[in-house]
Amino acid sequence: MYLSRLTLNRSRLAYSWLTNPYRIHQRLKMACPDDPRLLYRVEAGENTRILVQSIQPPDWDAAFGDFLVLDRPPECKEFEPCLQAGRQLRFRLVANPTARISAWEAEKHNGEVRKRRYALLKGEQQMEWLARQASRHGFRVLDASRTSASWLQGKKTDQKGTADTIQVLAVQFDGLLVVTDPARLAEALAGGIGPAKGLGCGLLSLARA
């Protein structure tokens, strides 16, 4: 896999681009259009940065050669995660904690909303969601905190030109985990965790403890 870091400048173009996560995702996909799963995360600071994980080597000139929002050339490196059962690692995850609407609620609407999700707004619910994801994806959370939470709003335009606005809750988790199933955790790293990946959620980052 490949991990890239894009540092943005402070231009109006960059600011406008950041206001719509769908546009961010579309632009990043130009660097690796055939990548089956491109994940990214926006990290605010003195200079806003975007971390991008891809399976294919990205061609950032194709995405930003004529789109002048970068403060410096993109940084990119290839990496292969070293995952062993019992190993402790620090992690960061920006995710969209949700739950599916209940069967009872779906029945009230003739089943039409069975696949809809709703955001988990309470901190306790969000931490429980994280624990469930961990058990599914080959790790156990030893310690974690919710370091930020914000609403992301994206506008997606279909072929007819109709704009569909979607709003999701993005929660940043930071903490310490222990690997329980290296194979499943490797799949989670490559595929992301949770919904709203096209809006900048799901990228799991690991580092030495």
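**Local contacts, charge pairs and exposure in the predicted model**

Alanine 196 sits in the loop between H6 and strand E10 (204-208). The model is predicted. Although alanine 196 is not a glycine, its phi is positive, at about 65°.

Helix H6 spans residues 182-191 and contains arginine 184. The side chain of arginine 184 forms a salt bridge with that of aspartate 181, with an N to O distance of 3.1 Å. Both partners are partly exposed. For arginine 184, the relative accessibility is 33%. For aspartate 181, the relative accessible area is 25%. Each value escapes the buried class because that class requires under 20% relative accessible area. Arginine 184 was also compared in position with arginine 27. The two residues are 157 positions apart in sequence. Their C-alpha atoms are 30 Å apart in space.

Arginine 27 belongs to helix H2, which covers residues 21-29, and is one of its buried residues. The other buried residues of H2 are Pro21, Tyr22, Ile24, His25 and Leu28. A polar contact marks the start of this helix. There, a side-chain oxygen of asparagine 20 comes to within 3.1 Å of the backbone nitrogen of tyrosine 22. Tyrosine 22 is itself on the list of buried residues in H2.

Across the whole structure, 6 salt bridges were found. Side chains of opposite charge can pair when their charged atoms come close. One network of salt bridges links Arg41, Glu43, Arg92 and Asp174. Within this network, the side chains of arginine 41 and glutamate 43 meet at 3.0 Å, N to O. Glutamate 43 also forms a salt bridge with arginine 92, where the closest N and O atoms are 3.2 Å apart. This second pair links distant parts of the chain. Glutamate 43 lies in strand E2 (residues 39-43), whereas arginine 92 lies in strand E5 (residues 88-95). The two are separated by 49 residues.

The two arginines that pair with glutamate 43 fall into separate exposure classes. Arginine 41 is buried, with a relative accessible area of 2%. Arginine 92 is partly exposed, at 30%. Arginine 41 is classed as buried because its 2% relative accessible area is under the 20% limit.

Serine 54 provides another buried polar site. This residue lies in strand E3 (residues 49-54). Its relative accessible area is 2%, so serine 54 counts as buried. The serine 54 side chain reaches the backbone oxygen of glutamine 56 at 2.8 Å.

Positive charge also gathers at the surface. Arg100, Arg117, Arg132 and Arg136 form a positive surface patch. One of these residues, arginine 100, is located in strand E6 (residues 98-100). Arginine 100 is partly exposed, with a relative accessible area of 48%. This 48% qualifies for the patch because membership requires over 30% relative accessible area.

Valine 141 was placed in strand E8, which runs over residues 139-157. Valine 141 is partly exposed, with 25% relative accessible area. The distance from valine 141 to glutamine 167 was also computed. These residues lie 26 positions apart along the chain. Their C-alpha atoms are separated by 28 Å.

Notes: Residues are numbered from 1 along each chain as its sequence is written. This is a predicted model: local features need pLDDT of at least 70, side-chain atom pairs count only at pLDDT 80 or more; totals for chains, interfaces and linings use all residues. Side-chain values use heavy atoms; hydrogens and water are left out. Buried means under 20% relative accessible area, exposed over 50%, partly exposed in between (1.4 Å probe, protein chains only). Helices (H or I, at least four residues) and strands (E, at least two) are DSSP runs, numbered from the N terminus. A polar contact is a pair of N or O atoms within 3.5 Å; within protein, one must be able to donate a hydrogen and the other to accept it, and residues adjacent in sequence count only if both atoms are side-chain atoms. Patches are made of residues with over 30% relative accessible area and no salt bridge: like charges are joined within 9 Å, nonpolar side chains (Val, Leu, Ile, Met, Phe, Trp, Tyr) within 5 Å. Accessible areas come from the Shrake-Rupley method with a 1.4 Å probe; for residues, only the protein chains shown count as cover. A salt bridge is a side-chain nitrogen of Lys or Arg within 4 Å of a carboxyl oxygen of Asp or Glu. Lys and Arg count as positive and Asp and Glu as negative; His and the chain ends are not counted. The place of a charge is taken as NZ of Lys, CZ of Arg, CG of Asp or CD of Glu.
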